[in-house]
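Work through the exercises below with the model open. Each task is followed by a solution in steps.

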Amino acid sequence: MSMEQTVHPAVPRGTGPVVGMTDRAVPPDVVSLSADGVALTVAPLAASSATEFAAMFKALGDPVRLRLLSMIASAADGEICVCDLSSAFHLTGPTISHHLRILREAGLVDSDRRGTWVYYRAVPATLILLAGLLHKS
């Protein structure tokens with residue numbers, strides 16, 4: 001799913017709705033981030049935007065991934081080590097990595113490798129956009 005790169009003026013580069021804003025853009029029918037931080041829609045979603053947002057919601061449709069995102073988003077330092085995430089589940093390392101990859105590909109989390117470990121953090125702009133779609137104005 002690659003769209004032409006455009007940077008939304010209300011979302012600084014690197015903090016966009018999809019990791020780093022490198023291969024996806026803010027859907028055109030999402031106007032901007034309002035003063036209260038909620039994305040506003042002005043019309044029904046276009047098919048392409050619906051596809052993009054559906055992928056994000058689909059990533060959250062699994063209980064393990066929803067819990068992982070909750071743990072990542074609520075981490076005290078704003079990020080959490082995969083070693084701390086893995087210990088909370090009775091799943092193998094590769095299974096946890098699979099779920100984290102899906103969250104990362106959906107643009108919900110970002111990660112950095114530091115030595116042996118990978119640290120994950122939520123992408124706030126993406127979460128705001130998803131919340132804005134559900135928020136009744």
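**Exercise 1. Is Met56 buried or exposed, and where does Met56 sit?**

Step 1. Find the element. Met56 lies in helix H1. Helices (H or I, at least four residues) and strands (E, at least two) are DSSP runs, numbered from the N terminus.

Step 2. Apply the cut-offs. Buried means under 20% relative accessible area, exposed over 50%, partly exposed in between (1.4 Å probe, protein chains only). Met56 has a relative accessible area of 3%, so Met56 is buried.

Step 3. Look across the chain. Met56 and Arg104 are 48 residues apart along the chain, and their C-alpha atoms are separated by 9.8 Å.

Ground rules for every exercise: the model is predicted, local features need pLDDT of at least 70, side-chain atom pairs count only at pLDDT 80 or more, and totals for chains, interfaces and linings use all residues. Residues are numbered from 1 along each chain as its sequence is written, and side-chain values use heavy atoms, with hydrogens and water left out.

**Exercise 2. At what angle do H1 and H5 pack, and which residues make the contact?**

Step 1. Take the axes. These are lines fitted to C-alpha atoms, for helices over the stretch in contact, and angles run from 0 to 180 degrees between N-to-C directions. For H1 and H5 the angle is about 105°, with the axes 11 Å apart.

Step 2. Name the geometry. Angles under 35 degrees count as roughly parallel, over 145 as roughly antiparallel, 65 to 115 as roughly perpendicular and the rest as oblique. H1 and H5 are therefore roughly perpendicular to each other.

Step 3. List the contact (heavy atoms within 4.5 Å). H1 brings Phe53, Met56 and Phe57. H5 brings Thr126, Leu129, Leu130, Leu133 and Leu134.

Step 4. Sort by class. Ala, Val, Leu, Ile, Met, Phe, Trp, Tyr, Cys and Pro count as nonpolar, Asp, Glu, Lys and Arg as charged, and the others, Gly among them, as polar. The contact of H1 with H5 has seven nonpolar residues, one polar and no charged.

**Exercise 3. Repeat the analysis for H2 and H4, then place His99.**

Step 1. The axes of H2 and H4 are 10 Å apart, at an angle of about 70°. H2 and H4 are therefore roughly perpendicular to each other.

Step 2. From H2 come Val64, Arg65, Leu68, Leu69 and Ile72. From H4 come His98, His99, Leu100, Ile102 and Leu103.

Step 3. The classes here are seven nonpolar, two polar and one charged.

Step 4. His99 is part of helix H4. Its relative accessibility is 9%, so His99 counts as buried.

Step 5. Leaving aside neighbours within four places in sequence, His99 contacts Asp62, Val64, Arg65 and Leu68.

**Exercise 4. Which residues touch the most other members of the largest nonpolar core, and which helix gives the most to this core?**

Step 1. Define the set. A nonpolar core is a set of buried Ala, Val, Leu, Ile, Met, Phe, Trp, Tyr and Cys residues joined through side-chain atoms within 4.5 Å.

Step 2. The largest one has 24 residues. Leu68, Ile72, Leu85, Leu100, Leu103, Leu108 and Tyr120 touch the most other members.

Step 3. At least two residues each come from H1 (47-59), H2 (63-73), H3 (82-86), H4 (93-105), strand S5 (117-122) and H5 (124-134). H2 gives the most, with four.

Step 4. Check one member. Beyond neighbours within four places in sequence, Ile72 contacts Ile80, Leu85, Leu100, Val109, Tyr120, Arg121 and Ala122.

**Exercise 5. Contrast Leu91 with Ala125.**

Step 1. Leu91 is in the loop between H3 and H4. Its relative accessibility is 36%, so Leu91 counts as partly exposed.

Step 2. Setting aside neighbours within four places in sequence, Leu91 contacts Val64 and Ile96. Leu91 and Val64 are 27 residues apart along the chain, with 9.7 Å between C-alpha atoms.

Step 3. Ala125 belongs to helix H5. Ala125 is buried, at 9% relative accessible area.

**Exercise 6. How many helices and strands does the chain have, and in what order do they run?**

Step 1. There are five helices and five strands. From the N terminus on, the order is β-β-α-α-β-α-α-β-β-α.

Step 2. Of the 137 residues, 36% count as buried.
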